[in-house]
Amino acid sequence: MTDEQRDTTLDPNDALAVKIASTLIKERLLDGTHSKSFLSKVPDGKASETDWHTWAEKVLASKEFNDGAGQN
Amino acid sequence: MAQGRIEAVSATKLRGASRTTTLKFDPSKRFVLVFGENGTGKSTMIDAIDMVCNQTAGTLQDRSSVTVSKHLPTIGAKAGDLSAQVTSSGQTWTATLKGSKITTAPDLDTPNVAILRRHKVLKLVEATPSERFNELKRFIDVAGVQRSEDALPKAIKACTQRIDAKTRDVDQADERLKQAFTEHHTPEEAQLSPRQWAKRRSDGDVKTLSASVVTLKNLIDTHGAASTLLEAKNTSKTNLDDMRNARKAVLEKIKAAGDVDTETGIVLVDLLAKAGDYLGKAEGTQECPVCLQPVSGADLASEIQERLGKMTELTSLAKALSKADEDVKAATNHTQQSYMGLIGKVFSLAKLVDALDVEHRGAWTFNKPQFTHLFEWADELTKEVIAESDALMDAVAALMEHIKSRHETLSKQATLLNGIKQSYATCVAMEKEVKREFAVRGVLEKMLEVVRRERLAFINGILDGIADECDGLYSKIHPGEKLGSVRFAMDQEKKGSLNQSGQFEGHKDIAPQAYFSDSHLDTLAFCFFLAVTKQTMGANTVIVIDDVFTSVDMGHIKRILNVLLEGTEDLDQVILATHQRRWLDLFMTQQAPMNEACIIQLREWSLATGICGDDVKPYLEDLQASLAAPKLNRRDVSSLSGFLIESVLGEMTKHLNCSIKRNPRDKYTAHDLLSSMTKAAKTIKVYAAPAKGVDPVLISDGPPSLQELVTDLRTTLDDVRNAVGDHFNWDAADISDETVRTFGGNVEAMCRMLLCGVCGGMATREKRTHLACSCSHLRIARG
């Protein structure tokens with residue numbers, strides 16, 4: 001296996017976390033500015049209750065969510 | 001040529017490789033067949049690949065009671081003697097053994113190799129769900145995300161607990177408002193709800209009320225302080241009077257003391273006492289300190305003490321008077337300070353009373369002009385000020401009862417109003433927070449839904465991809481059989497558990513290992529392995545299959561071979577090792593596309609010679625070589641010709657649906673096959689291309705034509721093949737070399753017509769209008 005292949009062999013946790021973050025942002029359930037912190041914690045199993053709550057609070061506070069909230 | 005193809009593998013002192021053995025693979029061919037009977041060293045050579053490319057001990061990796069450092073080297077050899085090499089794209093990697101650790105140098109860019117072995121087949125198909133999961137773990141194990149996901153329900157639960165707690169706060173505040181409403185609402189407010197009432201009351205001027213309470217309290221406190229100071233002033237005044245009376249009594253005693261002038265006597269006593277003090281300090285002086293006459297200081301001191309002793313009473317009175325003077329002076333000062341403190345506080349009280357709202361005074365009136373001096377007071381004690389101060393204290397005494405009563409009333413009102421306001425504010429604020437928490441919980445619940453959905457979709461996507469690929473491959477190997485439809489699913493109840501199900505005779509969701517035959521399980525494991533490899537390792541991968549198919553029949557072998565040749569085009573290379581000679585014969589008889597494969601046959605093994613392998617050529621090449629030899633070997637030519645007639649026509653007559661005289665054994669002689677082919681040869685048209693990329697042209701019309709070749713062969717078969725090649729009889733002696741050579745030449749010509757010159761295989765694939773070989777450069781159109 002080449003180095004390149006090793007590098008591009010994504011840990012399934014990472015691949016899944018990217019997919020989840022993308023869907024959450026798309027469905028306005030995660031503020032895009034938190035995707036970095038999301039991806040630094042979720043694949044490693046480090047996302048705590050507090051983290052989830054913080055992300056939920058932020059998305060509620062975000063303009064994007066509030067603008068779109070009425071449409072849901 | 002693909003970049004990752006293995007071109008050569010070598011092994012030295014590795015298991016059966018007692019001497020250095022090198023197998024070279026033609027890099028232009030994607031398929032490699034390594035044939036060898038049991039114990040010829042196939043697995044050893046694959047172990048060499050495994051060592052170099054995967055740094056594992058291969059066959060010995062999971063075996064019990066095996067020590068890699070001891071058992072991986074050839075018996076009698078040491079770990080340090082062992083080495084394995086793989087060459088690919090001109091680069092060579094070497095694996096060595098140090099202790100039990102396998103190291104590959106260089107350690108970068110080794111070919112990407114997946115190996116399927118017999119023992120792994122059992123793991124893939126017959127393993128427990130958890131073992132099966134472990135085989136796919138690195139592709140579908142998302143334990144990290146799952147741990148994070150597990151925190152989500154906890155966050156939702158915490159949110160619910162906060163909602164419950166805050167709702168309780170709202171209920172309790174509501175209860176307090178309800179009670180306050182019941183006790184304090186006015187008849188006009190009876191129609192209001194406790195909340196409406198509380199809001200209305202909260203909107204009232206609590207500030208003014210609170211300010212009034214503070215003002216009244218300040219007035220009460222100031223009056224209290226002034227009263228205390230008044231008492232202190234009176235006490236001080238009484239004390240001063242007492243001191244004055246005491247001094248007066250001392251003076252009267254002095255007056256009554258006598259014959260000397262009292263005042264003079266007191267001065268004298270004082271003078272003598274001071275002179276005595278001086279002489280005590282000026283010890284040894286010899287002159288009078290006043291007149292400077294010569295005199296003994298000691299004698300003078302003694303004389304002074306004697307005179308003072310005689311004036312004792314007068315001395316005591318002098319001391320008493322001095323003390324009385326000091327006492328009067330101190331009491332006078334204290335009294336003055338008491339007055340100042342009192343007037344200051346009364347001054348403040350006067351201002352507070354003056355500023356007091358009329359509503360607080362009630363019926364009491366304040367005649368300010370009576371207190372002009374007091375309001376203009378500037379720290380000077382005058383009789384007017386003292387008198388006005390006393391008058392104010394007297395006047396305010398009547399007001400204070402009313403003020404205290406009003407303060408108590410207003411304080412109660414303020415406390416009630418503040419309580420209502422606080423409870424109402426709690427209701428409003430907590431309800432807002434509850435609403436917020438509901439919104440957060442809603443987001444968290446949706447988040448959980450998304451995370452779960454995506455996780456399951458992610459895993460199932462991979463599993464479905466593998467299952468679809470596996471099923472597609474399986475149906476190619478077992479077309480029309482009522483089994484397959486294998487699916488995989490994560491066990492929702494158990495972590496790290498992968499269930500497998502399939503279809504058997506119309507029954508769905510059955511366990512394949514319970515119903516499938518051994519050969520079907522073998523092929524299922526093979527398909528699963530191939531699907532996993534294709535789905536997860538991608539291109540630039542070499543797959544190696546080590547003697548996995550032990551119990552499959554010829555029909556299935558052909559279909560497996562088709563899968564390996566055509567279903568793995570996205571892989572770099574396929575290396576198949578087998579002990580079943582059927583695989584070898586498929587290529588040697590060119591029923592499989594010989595030119596697309598690299599065939600290696602391993603010979604008998606011994607410790608002394610090690611592993612021996614050489615390239616294999618098809619029978620047709622053997623015949624061509626025999627015909628080209630200057631010295632004709634009649635038996636070889638006759639025998640090989642007969643063998644080729646049977647192998648080629650045996651396959652072609654089947655695919656051309658030629659009629660044949662059936663026999664119970666379903667096995668046919670060369671004569672039967674030539675007779676069967678005679679009729680077909682009249683009508684079929686064979687098109688062939690001489691090289692890759694060139695359009696096929698008609699070749700069956702000859703000269704000689706296919707029909708002429710088959711007819712001639714049928715005529716001469718008995719004489720040449722049977723008499724010369726197979727049996728001994730005297731008739732063979734009458735057959736010339738020329739006849740044998742012609743017979744062999746006709747067989748070769750027929751084979752060249754029915755075997756593809758490009759891929760080396762037969763036209764056995766059914767197309768809409770014709771049969772074609774695997775590369776389609778040979779086509780046979782039925783008549």
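**Notebook: the chain B sheet and the contact with chain A**

I began with the sheet in chain B of this predicted model. I found six strands in an open sheet, in the order β7-β11-β12-β3-β13-β14, and the pairing is mixed. I then looked for the edges. They are β7 (112-117) and β14 (613-615) of chain B, each with pairing on one side only. I checked the twist next. Neighbouring strands are turned by 20° against each other on average, with direction ignored.

**Inside the sheet**

I picked out β3 and β12 of chain B. Strand β3 covers residues 31-36 and strand β12 covers residues 573-578. The two run parallel, and five bridges join them. I followed one residue across: B:V32 has B:I575 as its bridge partner in β12(B).

What packs on the sheet here? I noted helix α17 of chain B, residues 581-588. Helix α17 touches β3, β12 and β13 (597-602) of chain B. I looked up the angle too: the direction of α17 makes about 125° with that of β3(B).

**Chain A**

I turned to chain A. I counted five helices and zero strands. From the N terminus on, the elements read α-α-α-α-α. The chain has 72 residues, and 28% of them are buried. I used the cut-off of 20 or more other C-beta atoms within 10 Å for that. I also looked at how far apart in sequence the contacts of chain A reach. Taking contacts between residues at least 6 apart, I found that 50% join residues at least 24 apart.

**Where the chains meet**

How many residues does each chain bring to the contact? I have 29 residues from chain B and 29 residues from chain A. On the chain B side, I listed the elements that supply at least two residues each: α4 (129-140), α5 (143-184) and α13 (383-477). Which of these gives the most? It is α13(B), with 11 residues.

I sorted the chain B side by residue class. I got 18 nonpolar, four polar and seven charged residues.

**Confidence**

I closed with the scores. Chain B averages a pLDDT of 88, and 98% of its residues score at least 70. For the model I noted ipTM 0.88 and pTM 0.63. I added a reminder for myself: where pLDDT is low, the predicted coordinates should not be read in detail.

Conventions
Residues are numbered from 1 along each chain as its sequence is written. Chains are lettered from A and ligands numbered from 1 in the order in which they are written. This is a predicted model: local features need pLDDT of at least 70, side-chain atom pairs count only at pLDDT 80 or more; totals for chains, interfaces and linings use all residues. Helices (H or I, at least four residues) and strands (E, at least two) are DSSP runs, numbered from the N terminus. A residue is buried if 20 or more other C-beta atoms lie within 10 Å of its own, exposed if 12 or fewer, and partly exposed in between; C-beta atoms are placed from the backbone. Two residues are in contact if their C-beta atoms, placed from the backbone, lie within 7 Å. pLDDT is the predictor's confidence in each residue, from 0 to 100. Two strands pair if DSSP finds at least two bridges between them. Axes are lines fitted to C-alpha atoms, for helices over the stretch in contact, and angles run from 0 to 180 degrees between N-to-C directions. Ala, Val, Leu, Ile, Met, Phe, Trp, Tyr, Cys and Pro count as nonpolar, Asp, Glu, Lys and Arg as charged, and the others, Gly among them, as polar.
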